[in-house]
Amino acid sequence: PTRAMSSNPMIGSPARSGAVKRTVSFPAAGASDRAEAGYGSTPDAPSAPEWTDASRVRVAGRLLLTIAVFGILGSLLPFFAVGWANKLGTPSISRTGASVSGLQSLQSMPAVSSLGQAPGESDANLLGTPLKPCSSSDQASTGWTRSGSCAWSPDDSGYHEVCVTMDDEFLASSAAHDGNDLSSVVAHGERWCVCAWAWASAVERDPDNTEGLRLECEESNAKLRAVYQSFIDRGEGMTGPTGVAYGPTRALEAVNRLCPAPASAGARL
């Protein structure tokens, strides 16, 4: 008789005796497969920049430019220092009793040690008579010691021995050329003890009229002649705050022309 086939297949039937077990393997996905799939890829590390001749030239150029800028700034520092020194000056007495810009004390000239003065010895003027006060009672006291007189002092390296009647022309010129602004301490028409170099500067810039300054013979110290002569003997110029040098020879000649020395050499030098 014919056997009818079941509609339900056999599940989990045991393996037949003697059957060979076959396995199927699939290759693993490679790096290219992962990259195509959009994941698992690793970006390459950035490479260090290469130093080319052009890049080395650019870096060297920038270094040289930086060094040049700092060099220029360094060379300008002394000028700034002089400018600030001219503005600040040294504390002194002003026309109103306050402090002064006082550039007359900012001198670089060496002291003349041979012109010492014995204790109790009085100063003589350019005419050989006793020295008279320079500044008047209604203005600020002048002189290195602010005594109102152009008295000699061994500590005075600027030699404030020249008594002059001040003029606006010299005030403006000295401020412009030498950084020596005296307008805060003395006015036009007043008398003031200026430095030996300041008188020399007026003589050099204006030999005929000394920029309006009038030399006061009886109020200027007789040692002024020896000061100029000492610079002549050493062959040195006389410098102001900005370092401009002026000749002592013409300054001495102007002194002797305006205030002739006494024939008996009465001026004690």
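The disulfide between Cys134 and Cys163 is right-handed, because the torsion about its S-S bond is about 85 degrees. In this predicted model, the two sulfurs of Cys134 and Cys163 lie 2.1 Å apart. The bond links distant parts of the chain. Cys134 sits in the loop between α2 (53-88) and β1 (162-165), while Cys163 belongs to strand β1 itself. The separation in sequence is 29 residues. Both Cys134 and Cys163 are buried.

A disulfide also joins Cys150 to Cys193, with an S to S distance of 2.0 Å. Its torsion is about -100 degrees, so this disulfide is left-handed. Cys150 lies in the loop between α2 and β1, and Cys193 in strand β2 (residues 191-194), so the pair ties together parts that are 43 residues apart in sequence. Cys150 and Cys193 are both buried.

A disulfide is likewise found between Cys217 and Cys259, at 1.8 Å from S to S. The link is left-handed, with -80 degrees about the S-S bond. Here too, distant parts of the chain are linked. Cys217 is placed in the loop between β3 (214-215) and α5 (223-234). Cys259 is placed in the segment after α6 (248-258), and 42 residues separate the pair. The relative accessible area of Cys217 is 15%, so Cys217 counts as buried, the cut-off being under 20%. Cys259 is buried as well, with a relative accessible area of 0%.

The count comes to three disulfides. With the bonded cysteines numbered in sequence order, the pairing reads 1-3, 2-4, 5-6. Cys195 takes part in no disulfide. The nearest cysteine sulfur to that of Cys195 belongs to Cys193 and is 9.8 Å away. A disulfide requires sulfur atoms within 2.5 Å, so this distance leaves Cys195 unpaired. Cys195 has 0% relative accessibility and therefore counts as buried.

The protein contains six helices and five strands. From the N terminus on, the order of elements is α-α-β-α-β-α-β-α-β-β-α. Of the 269 residues, 35% count as buried. Contacts between residues 24 or more positions apart make up 72% of those with a separation of 6 or more. The exposed area of the protein is about 16600 Å². Carbon and sulfur atoms supply 58% of that area.

Helix α3 (residues 168-178) was examined in detail. Its buried residues are Phe170, Leu171, Ser173, Ser174 and Asp178. An α-helix has 3.6 residues a turn, so residues three or four places apart point the same way. The buried residues of α3 pack against α4 (196-205) and β5 (245-246). At the start of α3, a side-chain oxygen of Asp167 comes within 2.8 Å of the backbone nitrogen of Glu169. After α3 comes Gly179, with a positive phi near 65 degrees.

Definitions and conventions. Residues numbered from 1 in each chain as written. Predicted model: local features only at pLDDT ≥ 70, side-chain atom pairs only at ≥ 80, totals over all residues. Heavy atoms only, no water. Helix = DSSP H or I, 4+ residues; strand = E, 2+ residues; numbered from the N terminus. Buried < 20%, exposed > 50% of the residue type's maximum accessible area, 1.4 Å probe, protein only. Contact = heavy atoms within 4.5 Å. Areas by Shrake-Rupley, 256 points an atom, 1.4 Å probe, with all protein chains shown as cover. Polar contact = N/O pair within 3.5 Å; in protein donor to acceptor, adjacent residues only side chain to side chain.
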